[in-house]
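Colleague: Hi! I'm new to this one and would love a tour. Could you put it up on the screen first?

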2 protein chains.
Amino acid sequence: MAAPLAKEQILDTAEEVLRRFGLEKASVVDVARALGVSHGTLYRHFPSKSALREAVGERWLKRVSIPLAEIVKESGSSMEKLQKWFQTLIHTKRSKAIEDPELFSMYNALAEESVEGITAHINELIQQLTEIIEEGIRKNEFKRSDAGQVAAGIFYGTARFHHPALAKEWTSPNIDEEFRLVWNLLLSGLKF
Amino acid sequence: MAAPLAKEQILDTAEEVLRRFGLEKASVVDVARALGVSHGTLYRHFPSKSALREAVGERWLKRVSIPLAEIVKESGSSMEKLQKWFQTLIHTKRSKAIEDPELFSMYNALAEESVEGITAHINELIQQLTEIIEEGIRKNEFKRSDAGQVAAGIFYGTARFHHPALAKEWTSPNIDEEFRLVWNLLLSGLKF
């Protein structure tokens, strides 16, 4: 008897299949075939093609948010954490977009299929930022303010540098300088 | 003998033709036919299909920038002018994107065909903002700063609310509140 299928193994294979056949053509049958299992076995794990696609999209978003959650827990200056958090977010997105633009577009298209998934992801990121800012206020590093509102403001104010729909502008030679200009203005709301 | 063709008349007709046939299918011959002139006559004004498309795209960008240039020349408080300038930019883009999303996408696709055209347009907008900020500094309304850098920072920091690639998010019920959060942070770099 074959070992039971692990969810991660299915998602790894689904990713490979989506990548090989493209988002339009890849089917659950293709994924089952690549795993060497029946269509029915796979459907027990993912009851529909859209459930499988959604799971691949969610895993992609987790790959962005999990390393950022680690930064929130680190010790050290809140300003340094805030900077490292954004550098990591932007570096992760930019390197994936530049190294493999097709795969990047595919993941984003998959993630966009679930509006709830994207909303939950953005709320999770803003919550992480809120925790960094709350800590900075407690430690008197940042001005007293509504941490959640400042977190949302900084997140949306830097959209140009991390929103996947703007990825093709990230290769501009001025992009880092533009980020610095935006960042300095946004931070003047936080600093004493 | 027919009256000579005016550039504006050609562009009006080209817009209608592009709209009716779509960006891919519309040809210079279609435009000439709609104007009741020969292909050759039209080519004297626009030596190639791409020159005609570029001119339509440029006119679209001018429709955005000209009303904004008027605001720069108005009298009154610099802060009010800055706010009115952004309200007008965002309102212009949002109303066009929401009223007629297909036409909006077509114009943006046309404008994007010319990287120099887009760059010149953005530089013009940032130059307008720079003038408002320089005036505010002279009048002691704003903190002393590098007006050009602040202008670029505010422009790129509000990209989420005016970059055409993000148009489909402008119908979000939270978009005005998100703008307010970003705007308050960005302005804290300008205000005393």
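Modeller: Happy to, and one term will help before we start: a salt bridge here is a side-chain nitrogen of Lys or Arg within 4 Å of a carboxyl oxygen of Asp or Glu. By that rule Glu112(B) and Lys168(A) form one, at 3.0 Å from N to O. Keep in mind that this is a predicted model.

Colleague: How many salt bridges are there between chain A and chain B?

Modeller: Two are counted between chain A and chain B. There are also six residue pairs in polar contact between these chains, both residues being at pLDDT 80 or more. On the chain A side, α8 (147–157), α9 (159–162) and α10 (175–187) each give at least two residues to the face that touches chain B.

Colleague: What area is buried between chain A and chain B?

Modeller: About 2,000 Å², with carbon and sulfur atoms giving 68% of that. Tyr156(A), Leu181(A) and Leu185(A) supply 30% of the area that chain A buries against chain B, more than any other three residues. In terms of contacts, 24 residues of chain A meet 24 residues of chain B.

Colleague: Let's switch to chain A by itself. How many helices and strands are in it?

Modeller: Chain A has 10 helices and zero strands. Its C-alpha atoms fill a box of roughly 65 × 35 × 25 Å along the principal axes.

Colleague: And which domains does the assignment give for chain A?

Modeller: Domain 1 covers 1–47 and domain 2 covers 58–187. Seven residues from domain 1 of chain A and eight residues from domain 2 of chain A take part in the contact. Taken over C-alpha atoms, the centres of the two domains are 31 Å apart.

Colleague: Which residues supply 71% of the area that domain 1 of chain A buries against domain 2 of chain A?

Modeller: Those are Glu15(A), Arg19(A) and Leu23(A), and no other three residues supply more. Between them, domain 1 and domain 2 of chain A bury about 720 Å², 55% of it on carbon and sulfur atoms.

Colleague: What about charged pairs there?

Modeller: The rule finds five salt bridges across the interface of domain 1 and domain 2 of chain A. Glu15(A) turns up again, in a salt bridge with Arg59(A) whose closest N and O atoms are 3.1 Å apart. Seven residue pairs are in polar contact between the two domains, with both residues at pLDDT 80 or more.

Colleague: How many salt bridges does that make over all chains?

Modeller: The count comes to 36 over all chains. One more in chain A is Glu124(A) with Lys62(A), where the closest N and O atoms are 3.5 Å apart. Glu124(A) sits in helix α7 (residues 115–138) and Lys62(A) in helix α4 of chain A, so this pair ties together parts that are 62 residues apart in sequence.

Colleague: Since you mention α4 of chain A, where does its kink lie?

Modeller: At Arg63(A), where α4(A) has a kink of about 25°, shortly before the proline Pro67(A). In chain B, α4(B) has a kink of about 25° at Arg63(B), shortly before the proline Pro67(B).

Colleague: And what span should helix α4 of chain A have?

Modeller: Helix α4 of chain A has 25 residues (residues 49–73), so at 1.5 Å a residue it should span 36 Å. Its end C-alpha atoms are 36 Å apart, which agrees. For helix α4 of chain B, the expected span is 36 Å and the end C-alpha atoms are 36 Å apart.

Colleague: Lovely, thanks for the tour!

Conventions: Residues are numbered from 1 along each chain as its sequence is written. Chains are lettered from A and ligands numbered from 1 in the order in which they are written. This is a predicted model: local features need pLDDT of at least 70, side-chain atom pairs count only at pLDDT 80 or more; totals for chains, interfaces and linings use all residues. Side-chain values use heavy atoms; hydrogens and water are left out. Helices (H or I, at least four residues) and strands (E, at least two) are DSSP runs, numbered from the N terminus. The expected span of a helix is 1.5 Å times one less than its number of residues. The bend at a residue is the angle between axes fitted to the seven residues ending there and the seven starting there. Domain bounds come from an automatic or database domain assignment. Contact means heavy atoms within 4.5 Å. Buried area is the accessible area (1.4 Å probe) that two parts lose on being put together, summed over both. A polar contact is a pair of N or O atoms within 3.5 Å; within protein, one must be able to donate a hydrogen and the other to accept it, and residues adjacent in sequence count only if both atoms are side-chain atoms.
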